[in-house]
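Reader: Before we discuss the charged side chains, could you show me the model, so that I can follow each step of the reasoning?

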Amino acid sequence: MRRNVPRGAIPVMVVGRAAVLYAMPNPHTLRVFTLAEALNEQTHALLPALPRRGAPGLSKQISRCISSIPANIAEGAAKASQADYARMLRIALGSANEATTHLRLASTLNGAPTLEFQHARAQVTLIASMLTKLIASIERDLARKEDEKRNRAIRAKRHQRSATASDTTQRPAP
């Protein structure tokens, strides 16, 4: 039975007769990951054009936060649970928001290629939107699983009470 399988998960190992352990999806199959990698390459090509005097260290900050987006997506995909995966996607989203701020500053510096940095910022905004939707999807799935678990526990408790009640009514009085 394949209930509660994470979306895009891959069966890794069969345990017992029916239990299967799943790995999170391969990050290379996610569009958001491929866009983040492409943005990483594009941005690293732009960074040498930044003037060094306007904002010292800005190119290093941009490089760090842009490169951490696909890195965190990949790390999350290697986690064992959907909750950990969602947490790593939130970290990637934070890096995307940081990158938006740094790219906005970079596009205002004199001597910086404004149009290219604005395009990179638009790409980061798209990636952030995709990450937000992916996180929401995972969190809905987690909430659904929790509801199912809670409902099973309630049904089991009701069944146990009804079985106990029927036992007391069927016993002969001493």
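Reader: Which residues gather in a patch of positive charge on the surface?

Author: In this predicted model, the patch of positive charge on the surface brings together Lys-149, Arg-152, Arg-155, Lys-157, Arg-158 and Arg-161, and one of them, Lys-157, has its place in helix 4, which covers residues 114-170.

Reader: What makes the contact of Asp-141 with Lys-145 a salt bridge?

Author: The closest N and O atoms of Asp-141 and Lys-145 are 3.7 Å apart, and because a salt bridge asks for a side-chain nitrogen of Lys or Arg within 4 Å of a carboxyl oxygen of Asp or Glu, this pair qualifies as one. The two residues are four residues apart in helix 4, so they are separated by about one helical turn.

Reader: Why is Asp-141 called buried, and what is Arg-144 called?

Author: Asp-141 has 15% relative accessibility, and because buried means under 20%, Asp-141 counts as buried. Arg-144, with a relative accessible area of 35%, lies between that limit and the 50% above which a residue is exposed, and is therefore called partly exposed. These two residues also form a salt bridge, with the closest N and O atoms 2.5 Å apart.

Reader: How do you know that Arg-144 and Glu-148 form a salt bridge, and what do the shared partners join into one network?

Author: Their closest N and O atoms are 2.8 Å apart, which is within the 4 Å limit, so the pair counts as a salt bridge. Through salt bridges that share partners, Asp-141, Arg-144, Lys-145 and Glu-148 are joined into one network.

Notes. Residues numbered from 1 in each chain as written. Predicted model: local features only at pLDDT ≥ 70, side-chain atom pairs only at ≥ 80, totals over all residues. Heavy atoms only, no water. Patch = residues over 30% accessible without salt bridge, like charges linked within 9 Å, V, L, I, M, F, W, Y side chains within 5 Å. Areas by Shrake-Rupley, 256 points an atom, 1.4 Å probe, with all protein chains shown as cover. Lys, Arg positive; Asp, Glu negative; His and termini not counted. Charge placed at Lys NZ, Arg CZ, Asp CG, Glu CD. Buried < 20%, exposed > 50% of the residue type's maximum accessible area, 1.4 Å probe, protein only.
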